[in-house]
Amino acid sequence: MKTILAAYSGVLKGTGSSILSALQDLSVAFWPCRSKMEKHLQVISVLQWVLSFLALGAACTVLLIYMFCTDCWLIAAIYTAWLIVDWNTPKQGGRRSSWVRNWTVWTYFRDYFPVRLIKTHNLLPSRNYIFGYHPHGIFCFGAFCNFGTEATGFSKKFPGIQPSLATLAGNFRMPVLRDYLMSGGICPVNKNSIDYLLSRNGTGNAVVIVVGGAAESLQCAPGKNSVTLKNRKGFVRLALQKGSDLVPVYSFGENDVYKQVIFEEGTYWRYLQRKLQKILGFAPCLFHGCGLFFGDSWGIVPYGKPITTIVGEPITVPKIEDPTDEMVELYHAMYIKSLQGLFDKYKTRFGLKESDILYIQ
């Protein structure tokens, strides 16, 4: 009100204040500043992804069943029939959408943390690749933003390379969620899907596997630099069978966006987590971030901590249809050495000390 009166008085007295400037001042008084508006949009963009991952599949499944009990049963029947026909699409390269991967919402998602992608070496479009992503964190925000969207410019940094982020196959049994995931180029982490991408889809394909999986998510905590890799050799054997180069990828800050209650081995709660992990395919974690409206409160919104993803140097892998255990061990050791070298080279640039080491479990 003071702004309106001052502007009106200025116009009457001929002080040079214009009606236009008065309206501009008025808009500033009534609307939040641009930076606050962008921050709100960033929070919303991250929250929609978290809620989609946690509840979209289950909610759409319940809705589909409910629709069969209403006058909309025909719509539910048509969708179910199409779902049956389309069931194997996720295993056959999926159905990625450049339009979805370039949504503006992913730019806000990127800027919330922010997420950065750093290229260290060129990748040849004439080869196929298996990216080993570390660490898992709680929701793999870095993996999704860098390889499931174009927010960090993957296609511009690696021209001719098409990334496919592999995730739990169970997600692709959920209506609507499966289509949402496929639109980003996300595929099931199973043999059929990866075999199709690396053997029957030409070259220039990069399958991104979060090697540590659910077991690693149970160990993640702010400031903890450890990966579950010592006994994870299946991806190395697969790389040898397909002749696909191995590329170590490490995301600094992935473990910092949530705080987790870590139960000690041998306790009842850790036993329950392990049991549910075997049944569900993922490990239920007890974690929290910040609240939606107050930064110092608890909630499911992740903390805005920087996530920097480093794509390392590819390890050239020969094609061997039936690799021996010794050959797998050799390339697995080469991969571990390359990952540790990548961590050591960049750790001091992203807030870690020279004395910090990467623990391989």
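These legends go with a set of close-up views of a predicted model.

**View A. N146 sits in helix α7 with its side chain tied up in polar contacts.**
Helix α7 covers residues 141-147, and N146 is part of that run. How buried is N146? Its relative accessible area is 0%, so N146 counts as buried. The N146 side chain makes a polar contact with the side chain of T152, at 2.8 Å. There is also a polar contact to the side chain of T309, again listed at 2.8 Å. Setting aside residues up to four places away in sequence, N146 touches V115, R116, L117, T152, F154 and T309. Both polar partners, T152 and T309, are therefore on the contact list of this buried asparagine.

**View B. C140 is a buried cysteine with a positive phi.**
Look at the loop between β2 and α7 to find C140. Its phi is near 55°, which is positive even though the residue is something other than glycine. C140 has a relative accessible area of 10%, so it is buried. How many disulfides does the structure hold? Zero. C140 is accordingly in no disulfide, and the nearest cysteine sulfur belongs to C220, 9.2 Å away. C220 counts as buried too, with 5% relative accessibility.

**View C. Two prolines follow cis peptide bonds, F113-P114 and H134-P135.**
Start with F113 and P114: the peptide bond that joins them is cis, with omega about 0°. P114 is in the loop that runs between α6 (104-112) and β1 (115-119). Now move along to H134 and P135, which are also joined by a cis peptide bond, here with omega about -15°. Where is P135? It belongs to the loop between β2 and α7, and C140 from View B is in the loop between β2 and α7 as well.

**View D. Helix α12 puts five named residues under cover.**
Which residues of α12 (residues 234-242) are buried? They are F235, V236, L238, A239 and L240. The cover over these residues comes from a mix of helices and strands, including α10 (191-199), α14 (325-346), β2 (129-134), β5 (205-210) and β7 (245-252). Follow the chain just past the end of α12 and you get to G243, which takes a positive phi of about 65°.

**View E. Strands β8, β9 and β10 make an open antiparallel sheet.**
Three strands are involved, in the order β8-β9-β10. Which strands are at the edges? β8 (259-260) and β10 (298-299), each of which pairs on one side only. Zooming in on one of the pairings, β9 (residues 287-290) and β10 run antiparallel and are paired over two bridges. One residue pair to look for is G289, whose bridge partner in β10 is G299.

**View F. Residues 46-67 are helix from end to end.**
The label here comes from a record: UniProt, in an unreviewed entry, places a "transmembrane region" at residues 46-67. In the predicted model, that stretch is 100% helix and 0% strand. How far apart are the end C-alpha atoms? They are 29 Å apart.

**View G. L177 in helix α9 meets S52, far away in sequence.**
L177 is found in helix α9. With a relative accessible area of 4%, L177 counts as buried. L177 and S52 are 125 residues apart in sequence, yet their C-alpha atoms are 7.6 Å apart in space. Which residues does L177 contact once neighbours within four places in sequence are left aside? S52, L56, G57 and N171. Now look at V176, placed in the loop between β3 (162-167) and α9 (177-183). V176 has a positive phi of about 70° although it is not a glycine. Is V176 buried, partly exposed or exposed? Its relative accessible area is 36%, so V176 is partly exposed, whereas L177 is buried.

How values were computed:
Residues numbered from 1 in each chain as written. Predicted model: local features only at pLDDT ≥ 70, side-chain atom pairs only at ≥ 80, totals over all residues. Heavy atoms only, no water. Helix = DSSP H or I, 4+ residues; strand = E, 2+ residues; numbered from the N terminus. Buried < 20%, exposed > 50% of the residue type's maximum accessible area, 1.4 Å probe, protein only. Polar contact = N/O pair within 3.5 Å; in protein donor to acceptor, adjacent residues only side chain to side chain. Contact = heavy atoms within 4.5 Å. UniProt positions renumbered as here; feature names shortened; annotations may be inferred. Pairing = 2+ DSSP bridges. Disulfide = S-S within 2.5 Å.
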